[in-house]
Amino acid sequence: MAVELNHTIVHARDSRESAEFLAGILGLEVGAPWGPFIPVATGNGVTLDFASIPAESIVMQHYAFLLPDEEFDAALARIEAGGIVYYADPQMKQPGEINRHHGGRGLYFLDPAGHGMEIITRPYSSH
């Protein structure tokens, strides 16, 4: 069996708010609560399990999502319609712009808990 990432826990001030925020941007569904978790499953079977913890305990993490071009366009439209500030760079110095790295498009934005979210249309070149 090949090793695959199955799920990860995403800390949030409000698990429902953060799960609904990300699912809304990406056009995904929020799953039924499972214990203390609010799950959001991605197309490749990885589940992000959002868990509420005290805000002062949250450490910023980075989550990158690979989207087909048409889904990127839809996500960007939802980001703009929601008035969410997005950036072309992870340092967040190029607001309102997208990047064109690796022959595709990408952008960064923050979720309600302050995690750095990234959407891209092409995977990064091998590091």
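1. A word on terms before we start: two strands pair if DSSP finds at least two bridges between them. With that in hand, Y108 has E118 in β6 as its bridge partner. The strands involved, β5 and β6, are antiparallel and are joined by five bridges. Please keep in mind throughout that this is a predicted model.

2. Staying with this hairpin, the turn is worth a look. Five residues lie between the strands β5 and β6, and G114 adopts a positive phi near 95° there. As for cover, β5 is mostly shielded, with four of its five residues buried.

3. Now the overall layout. The protein chain contains two helices and six strands, and they follow one another in the pattern β-α-β-β-β-α-β-β. The chain is as compact as a globular protein of its length, because its radius of gyration of 15 Å is close to the 14 Å that the globule rule gives for 127 residues. Along the principal axes, the C-alpha trace spans about 40 × 40 × 25 Å.

4. A few totals for the whole chain may help you place the details. Buried residues account for 40% of the 127 residues. The exposed area comes to about 7400 Å², of which carbon and sulfur atoms supply 55%. If you take the contacts between residues at least 6 apart in sequence, 51% of them join residues at least 24 apart.

5. On to the interior. In soluble globular proteins, nonpolar side chains tend to be buried together. Here the largest nonpolar core has 24 residues, and those touching the most other members are I25, F50, F65, I79, L107, F109 and I119. At least two residues of this core come from each of α1, β2 (37-41), β3 (47-52), β4 (62-66), α2, β5 and β6. The biggest share is that of α1, which gives six residues.

6. If you want one residue to click on in the core, I would suggest I79. Leaving aside residues up to four places away in sequence, I79 touches I25, I84, Y86, L107, F109 and I119. Several of these names also appear among the core members with the most contacts, including I25, L107, F109 and I119.

7. Next, the charged pairs. Side chains of opposite charge can pair when their charged atoms come close. Searching the whole structure gives four salt bridges. One of them joins R16 to E20, with 3.6 Å between the closest N and O atoms. These two residues are about one helical turn apart, because they sit four residues from each other in helix α1 (residues 15-26). R16 counts as partly exposed because its relative accessibility is 32%, and E20, at 42%, is also classed as partly exposed.

8. A second salt bridge brings together the side chains of D69 and R122, at 3.2 Å from N to O. This pair links distant parts of the chain: D69 belongs to helix α2, while R122 lies in the segment after β6 (116-120), 53 residues away. Both ends are partly exposed, D69 at 31% relative accessibility and R122 at 33%.

9. A further pair is D73 with R105, whose side chains meet in a salt bridge of 2.7 Å, N to O. Since D73 is in helix α2 and R105 is in the loop between α2 and β5, the pair ties together parts that are 32 residues apart in sequence. The two ends differ in cover: D73 is partly exposed at 39% relative accessibility, whereas R105 counts as buried at 15%. The cut-off behind that call is that buried means under 20% relative accessible area. D69, D73, R105 and R122 are linked in a network of salt bridges, so I would view the four together.

10. Finally, a question about the loop that also carries R105: is G96 buried, partly exposed or exposed? G96 sits in the loop between α2 (69-81) and β5 (106-110). With a relative accessibility of 46%, G96 counts as partly exposed. From the C-alpha atom of G96 to that of I84, twelve residues away along the chain, the separation is 9.4 Å. I84 is also one of the residues that I79 touches.

How values were computed: Residues are numbered from 1 along each chain as its sequence is written. This is a predicted model: local features need pLDDT of at least 70, side-chain atom pairs count only at pLDDT 80 or more; totals for chains, interfaces and linings use all residues. Side-chain values use heavy atoms; hydrogens and water are left out. Buried means under 20% relative accessible area, exposed over 50%, partly exposed in between (1.4 Å probe, protein chains only). The radius of gyration is taken over C-alpha atoms; the globule rule is 2.2 Å times the number of residues to the power 0.38. Contact means heavy atoms within 4.5 Å. Accessible areas come from the Shrake-Rupley method with a 1.4 Å probe; for residues, only the protein chains shown count as cover. A nonpolar core is a set of buried Ala, Val, Leu, Ile, Met, Phe, Trp, Tyr and Cys residues joined through side-chain atoms within 4.5 Å.
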